[in-house]
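Good morning, everyone, and thank you for making the time. Please have the sequence and the model open in front of you while I talk through the empty spaces, the metal site and one small sheet.

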Amino acid sequence: MASLSDRVLTGVDALADEAVAFTSDMIRVPTVNPPGELYDDCARLIGRKLQACGFELEYYPAEGCPEHTPAHPRINVVGTRRGRSAHPLVHLNGHFDVVPAGAGWTVDPWSGEVRDGRIYGRGSCDMKAGIAAAVFAAEAIRRAGIELNGTVEISGTVDEESGGFAGVAWLAEHKRLSKDRTDFVIIPEPLYVDRICIGHRGVYWFEVETKGRIAHGSMPFHGVNAIDHMSIVFERIRRELQPRLAGRTTEVPVIPPGARHATLNINGVNGGQPVDGIQTPCVADACRAVFDRRFLIEEGFDATKAEILELLDGIARDVPDFKYDIRDLMVVHPTRTPDGSPVVSALERALHRVLGRSGLVASPGTYDQKHVARIAGVPHCVAYGPGILDLAHQPDEYCGVDDLIAATKVIALAVLELTGTE
Ligand SMILES: [Zn+2]
């Protein structure tokens, strides 16, 4: 008699067309964020599929979040299929919001077109194919007539692309995802079908304002030019800080290789006293710039911020009349799945079975793992799903059908193992 895992793998192959069709169905709902279009429609589309696959449904509007408005409601959906017991519980989470299509497409970004073994569309790889992989992994187990020893949950959540506060963070804050309830979390984000993603770097997003003194533009010597002072900040960052950051390398396998180093990007700058878009003929008394510092788990947030303050204070010591303010806009701490986590070993075994290879990576940018680890307190969380990271947010985004099917198999085998189903 065929083993459970053989039956599940055969089952996934039999479900392939349905998994592709469901991915296309989701792509055809343009859940564009910002501002958060059609979330209710997409949550209900996922909900109907989960219900058809034997899940109990709950819908969670993100009550209390400022971004949850009548025009753009934030609706999350969670399905639960309990097996013989409540635990072990494996939660599969995917965000269904997508970034705007942007320019440069050669196919309709909202058609969900399948061509040459690829499913095209905005959100195909990031990450509606991942949601389909989760749903059909669970469905292949059910259609093989296997009752899980534990429980599988699948959630479709909002706003990952804008921080996830009304999505996974909301579910974690309201204990729907929690360490008492949830044993393992797999987020099928696209970080290559043969790679398991064990976390991400930290983010320190901050604004610096240099403060000058206004004067007539014809007599700049009577004032202090805040833009001049900001240019000193940029110069020191370029000359002193950037080379130091480039010299720091994390032990965590962040991809692509450039992101294994600490980085800093200047996101934007504005200064002067523009009135209705027209610049006054004055010495700039203010200049603001926004910075995006990605820090390594080895650096930590406190040292990262201290280094910025030291650079600014160093300028203040050297440059007469240099005054600044700094404002933290967002801080995300790095996360890393613990060594020896069962969720990693289960996926590794499944990957070897399905694709004959596996590897660990970490993400250059953050994703919802931070909320699972930090708010819900569930350490055993990874990202694993179909799709190529580099295609996310690009024109002509696609997910390979073979990727979708392989990831569905891998997730199904991991769910069997993690729930102790034999
Ligand atoms: Zn994503």
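The second largest cavity holds about 40 Å³ of space. A cavity, on a 1 Å grid over the protein atoms alone, is a set of points where a 1.4 Å probe fits but cannot get out, and its lining residues have an atom within 4 Å of a point; grid points are joined across faces, edges and corners, and the volume is the space filled by probe spheres set on the points.

Before going on, I should say that this is a predicted model, in which local features need pLDDT of at least 70 and side-chain atom pairs count only at pLDDT 80 or more, while totals for chains, interfaces and linings use all residues. Residues are numbered from 1 along each chain as its sequence is written, and side-chain values use heavy atoms, with hydrogens and water left out.

Which residues line the second largest cavity? They are F206, V208, V233, I237, F291, I308, L311 and L312, and by class they divide into 8 nonpolar, no polar and no charged, where Ala, Val, Leu, Ile, Met, Phe, Trp, Tyr, Cys and Pro count as nonpolar, Asp, Glu, Lys and Arg as charged, and the others, Gly among them, as polar. Helix 6 gives the most to this lining, with 3 residues; helices (H or I, at least four residues) and strands (E, at least two) are DSSP runs, numbered from the N terminus.

The largest cavity, for its part, has about 50 Å³ of space, and its lining has 5 nonpolar, 3 polar and 1 charged residues.

Turning to the zinc ion, its protein donors, meaning N, O and S atoms within 2.8 Å of the metal (3.2 Å for Na, K and Ca), with water not among the atoms, so that sites may look incomplete, are H95 (NE2), D126 (OD) and E189 (OE), the last of these listed twice, at 1.9 to 2.6 Å from the ion. H95 lies in strand 3 and D126 in helix 3, so the pair ties together parts that are 31 residues apart in sequence.

Finally, there is an open sheet of 3 strands in the order 4-5-18, with antiparallel pairing, where two strands pair if DSSP finds at least two bridges between them. Strand 5 and strand 18 pair over 3 bridges, and R118 stands opposite G400 in strand 18.

Methods. On a 1 Å grid over the protein atoms alone, a cavity is a set of points where a 1.4 Å probe fits but cannot get out, and a pocket is an open set with protein on both sides within 12 Å along at least five of seven lines; lining residues have an atom within 4 Å of a point.
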